[in-house]
Amino acid sequence: MKFIQDNRITLDPIKSKAYNSRIYINGHRTRYKLWGRCLEKVIQIHSYYLLFVSTTDYGDMGLDACYIYLITSSGKILERWSIDAVSDQEKAECESDGFEWVYHPECYGSLEKFHLVPPNKITFIFGYNIYSIEVFKRPIFPWSAEFSIRDYRKRFRKYCKFISRDHSKFWSRLKFDIIEQ
């Protein structure tokens, strides 16, 4: 498990499609595309890469969402998740106060303070939350005894969304949790 800081994995924005990019591995173009343009962080775990991607950098305002991809060494996307800086409810509260959330600085966050916790866990801060992600070699049922479905609905679903079309959302190689809100 390590941070990848060289140009082993890069993104090339597709000009004809807004916010889409093609994945390049070791300078070679793959056939895989993803949503996002800015590669924020790359972490290698097991034989996978965990990519943290944003659509654009809003400068001082930060990011409105982060897209997380688990890919193979050939670039094949195994899982896709998105995390919003604030929940839909918080966006609605901004709008009820007379602001459009798109222009409200409190609806953006920074992606920071990544920590690797061996053997397979990453913690980081995005928005006002501290998250952890555990990466498993094969799909597991993520809400087992220590991760109840009630807890998922209450704490996690308002920020995170499973966006993969390839697998059922009940089986995942990634186990998310919000450590602190």
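In the hairpin of β3 and β4, asparagine 26 takes a positive phi near 50°, with two residues between the strands. That turn is a handy way into this structure, which is a predicted model. The two strands it joins run antiparallel to each other and are held in register by five bridges. One of the rungs in this pairing puts asparagine 20 across from tryptophan 35, its bridge partner in β4.

The hairpin belongs to an open sheet of three strands, ordered β2-β3-β4 and paired in the antiparallel sense. At the edges sit β2 (9-13) and β4 (28-35), each pairing on one side only. From one strand to the next, the twist averages 35°. On the other flank of β3 (residues 20-25), the antiparallel pairing with β2 also runs over five bridges. Here leucine 11 stands opposite isoleucine 23 of β3.

Zooming out for a moment, the protein chain has two helices and 13 strands. Its length is 181 residues, and 48% of them count as buried. As for contacts between residues at least 6 apart in sequence, 51% join residues at least 24 apart.

A second open sheet has four strands, in the order β9-β10-β11-β13, again with antiparallel pairing. Its edge positions go to β9 and β13; each has a single partner strand, so one side of each is left without a neighbour in the sheet. Neighbouring strands here are turned by 20° against each other on average, direction ignored. Inside this sheet, β10 and β11 pair in the antiparallel sense over six bridges, and one of the matched positions sets lysine 121 against glutamate 134 in β11.

Serine 132 also has its place in strand β11. With a relative accessibility of 6%, serine 132 falls under the 20% cut-off and therefore counts as buried. Setting aside residues up to four places away in sequence, serine 132 touches Lys121, Ile122 and Thr123, along with Lys175, Phe176, Asp177 and Ile179.

Then there is the nonpolar interior. The largest nonpolar core takes in 24 residues, and those with the most contacts inside it are Leu50, Phe52, Ile68, Phe124, Phe126, Ile133 and Val135. The elements giving two or more residues to this core are β5 (38-45), β6 (48-54), β7 (65-71), β8 (77-84), β9 (111-117), β10 (121-126), β11 (129-140) and β13 (172-180). A second core, separate from this one, holds 16 residues, with Ile9, Ile23, Tyr69 and Ile71 among them. Isoleucine 23 thus turns up again, because the residue that faces leucine 11 across the strands is also a member of this buried, nonpolar set.

Leucine 50 is worth a closer look. Apart from its neighbours within four places in sequence, leucine 50 is in contact with Lys41, Val42, Ile43, Ile68, Tyr69, Leu70, Ile122, Ile133, Val135 and Leu174. Of these partners, Ile68, Ile133 and Val135 are also listed with the most contacts inside the largest core, while Tyr69 is a member of the second one.

Aromatic rings add another layer, with a count of six aromatic pairs. In one of them, the ring centres of phenylalanine 114 and phenylalanine 124 lie 5.3 Å apart and the planes meet at 15°, so the pair is stacked. This pair links distant parts of the chain: phenylalanine 114 is in strand β9 and phenylalanine 124 in strand β10, ten residues apart. Both phenylalanine 114 and phenylalanine 124 are buried. Phenylalanine 124 also forms a stacked pair with tyrosine 131, at 5.5 Å centre to centre and with 20° between the planes. For phenylalanine 124, the relative accessible area is 1%, well inside the limit of under 20%, so the residue is buried. The value for tyrosine 131 is 0%, so this residue counts as buried too. Phe52, Phe114, Phe124 and Tyr131 together make up one aromatic cluster. Two of these, Phe52 and Phe124, are also named with the most contacts inside the largest core.

A ring elsewhere has a charged neighbour. Lysine 41 lies over the face of phenylalanine 3, 5.1 Å from the ring centre. Lysine 41 is also one of the residues in contact with leucine 50.

Notes. Residues are numbered from 1 along each chain as its sequence is written. This is a predicted model: local features need pLDDT of at least 70, side-chain atom pairs count only at pLDDT 80 or more; totals for chains, interfaces and linings use all residues. Side-chain values use heavy atoms; hydrogens and water are left out. Two strands pair if DSSP finds at least two bridges between them. Axes are lines fitted to C-alpha atoms, for helices over the stretch in contact, and angles run from 0 to 180 degrees between N-to-C directions. A nonpolar core is a set of buried Ala, Val, Leu, Ile, Met, Phe, Trp, Tyr and Cys residues joined through side-chain atoms within 4.5 Å. Buried means under 20% relative accessible area, exposed over 50%, partly exposed in between (1.4 Å probe, protein chains only). Contact means heavy atoms within 4.5 Å. Rings of Phe, Tyr and Trp (its six-membered ring) pair if their centres lie within 6.5 Å; planes under 30 degrees apart count as stacked, over 60 as edge-to-face and the rest as tilted. A charge sits over a ring if NZ of Lys or CZ of Arg is within 6 Å of the ring centre and within 35 degrees of the ring normal.
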